[in-house]
Amino acid sequence: GGQQAAAGMPFNANKPGEHGDASRSPQAGKTCPVSHPVATASTVGETSASPKTGGGVPPVGVCPAGHLDRVRADGSGQRLTTNQGVPVADNQNSLKVGLRGPTAMEDFILREKITHFDHERIPERVVHARGSAAHGYFESYQDLSAITRAAPFAAAGKRTPVFVRFSTVAGERGSADTVRDVRGFAVKFYTDEGNWDLVGNNIPVFFIQDAMKFPDLIHAVKPEPNNAIPQAASAHDTFWDFVTLMPESTHMLMWHTSDRAIPRSYRTMQGFGVHTFQLVNANGEAVFCKFHWQPVQGTHSLVWDEAAKIAGADPDFHRRDLWEAIEAGAYPEWELGLQIFTEEQADQFPFDILDPTKIVPEELVPVQVVGKMTLNRNPDNFFAETEQVAFCTAHIIPGIDFTNDPLLQGRIHSYVDTQISRLGGPNFHEIPINAPVAPLHNNQRDGMHRQAIARGRVAYEPNSLGGGCPFQAGMAGFQTVFKMPQPPEDKVRGKPELFADHYSQARLFWISQTPAEQAHIVNAFRFELSKVQTPAIRVRLVSMLANVDPILAEGVAQGLGIEVPAPMPLATQAPPPHYHPSPALSLLARPGATGIKTRKVAILAGHGVDAASLQAVYADLLAEGAAPRVVSPQLGQLVAYDGSRVDVEVSIEATPAVLYDAVVIADGAASVAMLMRDPDARDFIRQQYRHCKPVLALGEGKDLLEKVGIPTAMDNGDADAGLFVAAAGGADAGLQAFKQALAGHRNFQREFD
Ligand code: HDE
């Protein structure tokens, strides 16, 4: 770059970037205008065989988010401009009165840039602030028009684009992903009859029965208002103070302390609509419905010690997992299940279907699978899409309707209301990610940030000047068909009698868990209440649990070092319904159908490793869709036993044990000796073992197990179903067994040994 300044010019007027001109101007031949890919019939489906989407490639099927192409922007190859399109000559220096003088007020370029920056942030969501999202589509397996006229179910094979956001509830936008919390599971269907938002959670019940209590619940669980502690945690006094004074939360607390609240991945959780909804067909006939999302990948969770460590090692653990799976073409999938029942059936249930603290057990009403959702495209821009997406329970379409669930009724108001302040006005439906794909015509006008240019004189109805348009859709439009009991004549503040049974389904959940899951619940209560500083709150909690199960209450009381107090008084004298265990409520009931796909496997190795067996195992795991990584105390290359070189992909320090689903210890005496000397490597093995993950020791790798004190058989003499020692060179049988264990995820038996 020319440094010779003309007389009077600043000496560095033409100074190149410190890294040369390349960092400041496009490379030769790179200045052509960028075309924005638009999915057409011929490109649709093209990417199904491709290992990667993202990066603007049109996705499979109905081109999820294809409607967003019109607003996608890409600066590559383009010159820099202001927001007014004025080309910017110098993006390094503000305009000054002389090189050492003050900045000129007239530098509109600087001022525009700084002003925009100053206003970059919008308020985070008051709850569910931390989240991640992806595009995809829902495909109906069948024509459900006999039950509902909802557009996505109109025909077998029909595809409807979706945008799905997963979230935690309590933490702030930058909090860690793996905290103990409920996960949001919000789906926006862009149907051809308008947008339908199914705003659910990964737990099928809720803490409270009435919207009136929601601000109290959230104030109790959020960081305490005097010192803003703790972040993204329910383990503090105000939360447990509140919930132990609200016994209706007992059932939810059982789920909240279960492994459901620490999922392995967004891809491995169920989703639930929670409330009872109605499905309505074209004849106006209604049935009740509960929505279930069932992950094809199976349901898998973390263990608590691991979740806590991941929060430090990779706070973006779930965000990264979702992103990487989609980039790798391992598209997450969920089947949609419906529990459909009539009012007559509902009248026979021992609980009220309007009570969001109750499930409808699958033994009572089986779940019918009616379609599948596939997420196959990452957002292009986190803010524009994931942050600005506005889910509202009020967004339903013909064929779906509410019920009188008093929690749902309050939500119908809350979501639209909150978007108005979060997104700055009533036109948030015009933000591209929120805009319906279905055509939109009405007489709503104006407001902050209005985009649409409504033509003509007429913004009222009825009108003759506009030919009566837009006209009412009549029978083709949304109609409310409340099959629910008619509202009583007198307005009341109160609850139906059956809402007062707070414990039977909490007990149902408890007796449906495997021993390992029960132990985790006891431990979680102990942990949470250990953080509570007020002894009376601990006692109150145990008195609630005493109504659920004596073993549970005793286990928690023991952990807290207190006696089990008298059970909390019951809110109803009616005899409690009796439930049999429901195996479907155990996480272990759904191992999933994707085997070891996307499971992360560390192959620990050092110098002197047996390269041939390492590479064989690596290739084998990769071929089955797992994600093996050569992990070593140091980066660079390892010199193998045979003199060849093995690339280290990542250091132990950068990716500790908790970030992997399993570990293989590579063979080779020197390699194993190097690992033995490394404290991180020793910890790695201990933690994999403690977290019940599969471990495969190849050849001399077993010496590392011995070194860290891991028994190769369980105390009772049984083989550990997740620990495999393969003879040198004979990895095959061991590897097969290891992969089977990896598909099953964990061996919880270890916790009892
Ligand atoms: Fe929400 N909830 N909620 N909630 N909720 C919000 O809306 C609210 C409830 C859920 O990814 C807010 O856009 C009330 C149950 C999800 O953007 C707010 C009540 C269930 C998300 C709100 C509930 C949910 C939210 C905050 C009780 C499971 C994130 C920001 C009457 C069925 C959606 C926003 C996303 C978000 C209110 C209870 C799920 C304030 C008043 C029950 C998944 O409107």
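**Close-ups of a predicted model**

**View 1. Helix α16 has the length you'd expect.** With 12 residues (679-690), α16 should span 16 Å at 1.5 Å a residue, and its end C-alpha atoms are indeed 16 Å apart. (Expected span is 1.5 Å times one less than the number of residues; helices are DSSP runs of H or I, at least four residues, and strands are runs of E, at least two, numbered from the N terminus.) This is a predicted model: local features need pLDDT of at least 70, side-chain atom pairs count only at pLDDT 80 or more, and totals for chains, interfaces and linings use all residues. Residues are numbered from 1 along each chain as its sequence is written.

**View 2. The buried side of α16.** A681, F684, I685, Q688 and Y689 are buried (20 or more other C-beta atoms within 10 Å of their own; exposed is 12 or fewer, partly exposed in between, with C-beta atoms placed from the backbone). Seen down the axis, these buried residues fall within an arc of 125 degrees, so they line one face of the helix; the arc is taken from the directions from axis to C-beta atoms. They pack against β11, β16, α15, β17 and α17. Just after α16, C692 takes a positive phi of about 65 degrees.

**View 3. Two residues listed as binding site.** An unreviewed UniProt entry lists R125 and Y415 among its "binding site" positions; such annotations may be inferred rather than shown by experiment. R125 sits in the loop between α1 and β1 and is buried, with 21 other C-beta atoms within 10 Å. Y415, in helix α9, is partly exposed, with 17.

Notes: Two residues are in contact if their C-beta atoms, placed from the backbone, lie within 7 Å.
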